[in-house]
Amino acid sequence: MATSTLKISGQDASTYLNSNIECEDLAGKLHWVQIGGKKGNWRSPLREDANPSVTIYPPKGGKGSTFYDHTAGKGGGPIDMLIYHHGGPGSLSFVDAVKELCGMFGFTLDKPQRDPAAPPPPKETLVEFISRNCLEAVKDADGRAEVLNYLEGRGITRDVLQHALNKRTLGLNTYCSKKHKLGEVGYGGLAVAFIVRHHISTMPVALELRYLEPTTNGGQKSGSQGEKRGHPWCMDWRRVQEARTVYVVESCINALSIESCDMPFTAAVAVRGAGNVENIDWSFLRGKQVVACFDNDKPKKEGGKDAGYSTGLMAAWRLHELLTARDISCLLVDQAGWMGRPTATPPEEPINDINDFLQARGLADTKAALKLLEPWMVPGLPPVSTPQMSKPRLWLPSNDVYAYSRYRTLVDFTRIIKAEKPAEHPGDEPKLEFGDVAGFRISAISRVRIASPTSTMTGDEDHSPNTVFALSVQTARHGATLQRRVVDDEKLHNLDVWKKLGPVYAPTQFSRMVNIWERAASIGAREAINYVGVAWRDGRTVVNEGPDCFFADPRQQCPYSGLTFPNGQPQDAREVVELFQNTFKANAASIILVWALGAHLKAFLGYWPHFVMQAEKGTGKTTLTKRVERAVAMTMFSRQTLGSEFRQLTSISYTSHPVGWEEISAGKQDTINKAVANLQESYMYSHTRRGAELMDFLLCAPVLLAGEDVPVKSLQGKVVRTELTKAGRGKLIPENMPVFPVKQWLQFVASRRKADVMQLQADLTEQLTSNCLAKREDAGAERMVANYAALGTAWHLLCEYADMPVDQGKFMGDLTAVMNKHISESESDRQPWAWIVEKILSEIASRKFEKPFKFDKENGEDVLCLRPAYVMDHISQAPYMREFWDGLPVKTAQVFKKQLTAAGVLLMDEEGKALEVERTVRGARVAHMVCLSIEKLEQFGLFAVIPAERDYSRVPDLPPAPTGFGMED
């Protein structure tokens, strides 16, 4: 429930309560102690004050009384005072505080008024129903006591349990099945319920149950409801977001055990089973130091290839691999000392998990054990001399065993044992003398096989992958974020490469360490793709972000090499779409948003058009562009940035996430020509290598071309467009608009079947074709219809994702109107023959066309008689037309003549061939000339400057002037 929806007597609940409740009355109900009479200060309920430190001020101007804690520097009105009383913002939410105050003072919250136009609320899921009942059960004092007594009996502190109860992640299950008898599996009974909430929406998605009396449930002590895969449990997601160090454990009780240690800036997350590590998206831990603390299980006696391995250790190893691939630092708790009482007879078994440790050793020792991290060079691989129950993570040959045992690492530092001094007293550990090796820690050296561009774009079997090595290190300057470098075989042992990551103090020992790390290259070995967006990997579509790529030079090869897509919820998507539909009429702005979001459909369709946004001066083009940038995390490149072809390549490489080019028409003609050529290639995709080192580029990014006059004459068949006008302006999109949930949208897109998407695009192509004003034989119009059908496909999928009706805002109708206008206005622009004829007519008008031609009549129709070969010769030979000639897709007279015939601008003979005539030009007979109809040329917007006939009767002494020069003088 949002804050703004809470009302009392029609007023905002916050304003009403702060104006009608005196803090002094509230202090009395909360049993605060006042010292010094009616005007004295109050003791804080959160600490033992030597002197009262809380002052309550009377109302000023009828605005309500306030309080202030002089020691903590906190204060506010009655709502803030109640939250303060419970321990601060983390212990009581605003909504719960309002409800509690209403109960204490007899106020009643208004029932929220539902908007009739709003869609009906979603039906409550089974998990939400069970969660609601579990939360209701702990509101009762007896139910609350059952939960507290059970968990406090396992060593968890009351403050942590109270925090979890306030955050509604802890409840009590009271369900008993009618189908099963008491004592049978499935009967149920009282159980502590750990409510798993989504890390973005905070809605319940699953529950973990721990039965208080397992015998009532047939001896089964735990159970679960809802989605198991991909959703971890934590006490408070805000606490995880604010933490610098996050411990990852198996069970919810273990997470509460770590929270009970009350370590600053630290939180705990439970994976709910070792096998769930693989299914969780760990992106929410980026920038944090992660510590794995899984169960200290005994090795499996059976299990095929996993026999002899500990389940908890294998989960920790896999977590280390997954997090390292995302540049997240992961260390392991050193569990070598997790033994029971070794003096007992017989010796006690090793301690299994952190909650057992807490119960056996207490909070102080548990806190110390959590801070004791493994110092080994390869995480999870202790030296042979260290006792271990499980098989080792990696087998080292004898020549590496001794060398490996000498290296020790800290979080971001590497050392080596130089000498070992004997212990001074019997039973003590020998003293070690260390030497510095490097000012950073190697987290992994992983072998990565990168798929080829063709396989990435099409999903075809990969025949030319490339193998590289990813160096992941942790340095002091970057904190918990790992630094990654991608190198080939030749540079793996190049110390200059390593020295760019940090200082290397002992080159010889460092080289020996890298040589040992080569043995561990298979630990993080993985298949990868260099692409940001939706692409193909191993024959299936995946969502790839910037940190998931392995570029040799990320800053040059991809503009989004560091991009992580914005997160959100479907309701955010609906709100963003509505804001864009309202800011300009006829969906002029929302078409841009749909184009930007649908760009990732290139993985299915094989193409995606560029976008031309033309606007009148002062319509808010720049403002709208900035809103699109913020909504979908798009990057706009200025005209100055795109001044060379190489910079253009770097802006459109290895991504289907759209980019923007501003005012490209203001550049030099050479820059524009190169830009158009690059746009031609990135309409689908094109792999190229540039530079002395043959750096790879995959040109494929769709481009938003913004400006008042975008020069895309040769790109008409590969662009869609919109036009912004002052008359069409609506409400300005607010600054605080939510971002579009791009990551969730792309995951939805990646889950679609390619055949289904292509079928939807084919259906929409047929639908738009039936409403298109162009003729079906117009090939140029056919491609434009396919481009707009691609946008329609994106709109249909977007409506499915955001749960919107397809006819919302009449999007498809406006899209059809924009398409027809685009087709009608660009009929000549998309025809190469029209560009040539337009240029020749200009040359004739300026008297630069020196080849024979003649304006005449044929069969009663005004025509221009010329030879196509002469036209192509003139354009190719004129030095000032070199750029125009280079940009032409048509270079021969035969193709030019064929296009003229197909366009219907030539006069035809009885056999259906182009009519050839003979004319006298400049005193010479010129045969095999074709006749271009002046009337039909005008239908394509091509207008000739026809010389007027002069009256020579007034000048009898001059001979008649010959015709055919373009101007008769």
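By class, how many residues in the lining of the largest cavity are nonpolar, polar and charged? The tour reaches that cavity after a look at the whole chain.

**Whole chain**

This is a predicted model. Show the protein chain as a cartoon: its secondary structure comes to 32 helices and 33 strands. Along the principal axes, the C-alpha atoms fill a box of roughly 135 × 80 × 60 Å. Colour the 969 residues by accessibility, and 50% of them count as buried. Among contacts with a separation of 6 or more, 65% are between residues 24 or more positions apart.

**The largest cavity**

A search of the whole structure gives 5 cavities of 30 Å³ or more. The largest has a volume of about 70 Å³. To find this cavity, select His320, Ala444, Ser446, Ile523 and Gly524, which lie nearest its centre among the 13 lining residues. Then add α10 (311-325) and β17 (440-450), since each of these elements supplies at least two residues of the lining. The opening question can now be settled: the lining has 6 nonpolar, 5 polar and 2 charged residues.

**Aromatic rings**

Stay on β17 and select Phe440, which lies in this strand, together with Phe510 in helix α16 (residues 507-517). Theirs is a ring pair in a structure that holds 24 aromatic pairs. The ring centres are 5.8 Å apart and the planes stand at 75°, so the pair is edge-to-face. The two residues belong to parts 70 residues apart in sequence, so the pair ties those parts together. Phe440 counts as buried because its relative accessibility is 0%. Phe510, also at 0% relative accessibility, counts as buried too.

Next, select Trp32, Phe67 and Tyr84, which form one aromatic cluster.

**Charges over rings**

Select Arg415 and Phe434: the charged end of Arg415 sits over the ring of Phe434, 4.0 Å from the ring centre. Then move to Arg484, whose charged end sits over the ring of Phe550 at 4.4 Å from the centre.

**Helix α24**

Select residues 742-750, helix α24, where 8 of 9 residues are buried. Which residues of α24 are the buried ones? They are Val742, Lys743, Gln744, Trp745, Leu746, Phe748, Val749 and Ala750. Now show what surrounds them. The buried residues of α24 pack against two strands, β21 (533-537) and β22 (540-544), and against the helices α19 (590-598), α20 (602-605), α21 (621-632) and α26 (779-802).

**Two single residues**

Select Asn173, found in strand β6 (residues 170-173). Is Asn173 buried or exposed? Its relative accessibility is 8%, so Asn173 counts as buried. With residues up to four places away in sequence left out, Asn173 touches Ile130, Cys134, Gly189, Leu190, Ala191, Ala193 and Leu209.

Finish at His928 in strand β33 (residues 924-933). His928 has a relative accessibility of 52% and therefore counts as exposed. Leaving aside neighbours within four places in sequence, its contacts are Arg867, Glu916 and Val917. For a last view, select Phe94 along with His928: their C-alpha atoms are separated by 88 Å, and the two residues are 834 residues apart along the chain.

Note on methods
Residues numbered from 1 in each chain as written. Predicted model: local features only at pLDDT ≥ 70, side-chain atom pairs only at ≥ 80, totals over all residues. Heavy atoms only, no water. Buried < 20%, exposed > 50% of the residue type's maximum accessible area, 1.4 Å probe, protein only. Helix = DSSP H or I, 4+ residues; strand = E, 2+ residues; numbered from the N terminus. Contact = heavy atoms within 4.5 Å. 1 Å grid on protein atoms, 1.4 Å probe; cavity = no way out; pocket = protein on both sides within 12 Å on 5 of 7 lines; lining within 4 Å. Points joined across faces, edges and corners; volume = space filled by probe spheres on them. Nonpolar A, V, L, I, M, F, W, Y, C, P; charged D, E, K, R; others polar. Phe/Tyr/Trp six-rings, centres within 6.5 Å; stacked < 30°, edge-to-face > 60°. Lys NZ or Arg CZ within 6 Å of the ring centre and 35° of its normal.
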